[in-house]
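Here is a short tour of one protein structure. Look it over first, then read on.

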Amino acid sequence: MALLFHSQVDDPLAWRDALIRLDPACDFRIWPHCGDVRQIEAALVWKPPQDLIDALPNLRLLINLGAGVDHLLSAPGLPPSIPIARIVDAEMNRMMAQYVLLATLRHHRNFGAFERAGRLRQWDYIHPRSAADRTVGVMGLGQLGSTAALELARQGFQVRGWSRSPKALPGVLTFQGEDSLHLFLSKTDILVILLPLTPETRKLIDGAALASMPRGACLINVGRGPLVDEQALIEALDSGQLSEATLDVFNVEPLPPEHPLWERPQVLITPHLASIALPESGAVQVLDNLKRLREGLPLLNLVDRKRGY
């Protein structure tokens, strides 16, 4: 059984070395130089091109290198019978919690304003607020969102969580369902978006949702770009409804140089790296699923195609 690797952002040699270190017999191949494609039964991928999927007649398993699987679910040539597995890793959770905490603290402690003032050589004193006086709302309470929400609560923030189905987390006030969305947003000073992208969540954060937030609120999107109506986001930033935003994901990636978000000084842009699968910790899960595939055992961390995650 051969494993095919494809990613334009992950290092194939790092993954090869990590897998072969654990299993020297692992038949690891890199697209497009992959030998006899009939021998490939599993693929470890991030945003694979359609011709890769079309070229694998004996594909039995796709393992996604990131949390979001919408690009795979929307692939027209992917048979519905082929299971999709995710890498669910404590290190990925930790990385996301670090990014969310950093972005939240940057907004909470006004570092964006200090950076802008510094470029103008202005001494701009803004009196700090206690974390207990700041409400952070986390949308999406899966593995990544729950870890981030609990870390924010540990830092003393008032944390609210919103999800489509009921969830319970210690120290987090939770809301569920679209009927509670605007109530959830109405007290959210800093909004963290960590939802999966599904037909129900696409552009869920639109102009009406942004208008529900307190004026001057901040937004952090580390979920998927299309969760947010980008034009509504720009209008909210320009009007002052939002004071700042930290954005790691976008409708089009890489973000085109002419995109108006680049021109907004109150926006921090990072290139979709809030949390990634690391070879050292992810290789164990990949090999475990390959072993299960060979032996006909239940696979781990499978995506529910109907739910979209």
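The report below goes through a sheet, its helices, a second group of strands and two single residues.

## The model and its five-stranded sheet

This is a predicted model. One open sheet has 5 strands, in the order 2-1-3-4-5, and their pairing is parallel. Strand 2 (27-30) and strand 5 (84-86) stand at the edges. Each has a single partner strand, so one side of each is left without a neighbour in the sheet. Neighbouring strands of this sheet are turned by 25 degrees against each other on average, with direction ignored.

Take one pair. Strand 1 covers residues 2-6 and pairs with strand 2 over 4 bridges, in the parallel sense. One residue shows where the two strands line up: Phe-5 has Ile-30 in strand 2 as its bridge partner. In general, strands of a sheet pair through backbone hydrogen bonds, either parallel or antiparallel.

## Two helices across the sheet

Helix 1 (residues 12-22) lies across strand 1, strand 2 and strand 3 (40-45). Its direction is about 175 degrees to strand 2. Helix 10 (residues 279-295) lies across strand 1, strand 3, strand 4 (61-64) and strand 5. Helix 10 runs at about 155 degrees to strand 3.

How do helix 1 and helix 10 stand to each other, and at what angle do they pack? The angle is about 55 degrees, with the axes 9 Å apart. The two helices are therefore oblique to each other. Helix 1 passes helix 10 in a right-handed crossing.

The contact involves several residues on each helix. Helix 1 brings Ala-14, Trp-15, Ala-18, Leu-19 and Leu-22. Among the residues they meet in helix 10 are Pro-279, Ala-283, Val-286 and Leu-287. As a rule, an α-helix has 3.6 residues a turn, so residues three or four places apart point the same way.

## Strand 10, enclosed

Strand 9 (residues 190-193) is joined to strand 10 by 4 bridges, and the two run parallel. Within this pair, Val-192 stands opposite Ile-220 of strand 10.

Is strand 10 enclosed or open? In strand 10, 5 of the 5 residues are buried, so it is largely enclosed by the rest of the structure. Ala-217, Leu-219 and Asn-221 point one way, while Cys-218 and Ile-220 point the other way. In a regular strand the side chains alternate between the two faces of the sheet.

## Helix 9, from start to end

Helix 9 spans residues 230-239. At its start, a side-chain oxygen of Asp-229 reaches to within 3.1 Å of the backbone nitrogen of Gln-231. After the helix comes Gly-240, with a positive phi near 90 degrees.

The buried residues of helix 9 are Glu-230, Ala-232, Leu-233, Ile-234, Ala-236 and Leu-237. They pack against helix 8 (207-212), strand 10 (217-221), strand 11 (242-247) and strand 12 (267-269).

## Two residues to find

Asp-70 sits in helix 3 (residues 70-73). Its relative accessibility is 18%, and Asp-70 counts as buried. Leaving aside neighbours within four places in sequence, Asp-70 is in contact with Leu-197 and Arg-224.

Ile-269 lies in strand 12. Not counting residues up to four places away in sequence, Ile-269 touches Leu-247, Phe-250, Leu-255, Leu-261 and Trp-262. Arg-109 is 160 residues from Ile-269 along the chain, and their C-alpha atoms are separated by 18 Å.

How values were computed: Residues numbered from 1 in each chain as written. Predicted model: local features only at pLDDT ≥ 70, side-chain atom pairs only at ≥ 80, totals over all residues. Heavy atoms only, no water. Buried < 20%, exposed > 50% of the residue type's maximum accessible area, 1.4 Å probe, protein only. Contact = heavy atoms within 4.5 Å. Polar contact = N/O pair within 3.5 Å; in protein donor to acceptor, adjacent residues only side chain to side chain. Pairing = 2+ DSSP bridges. Axes fitted to C-alpha atoms, helices over the stretch in contact; angles between N-to-C directions. Parallel < 35°, antiparallel > 145°, perpendicular 65-115°, else oblique. Left-handed = near helix turned anticlockwise from the far one by under 90°.
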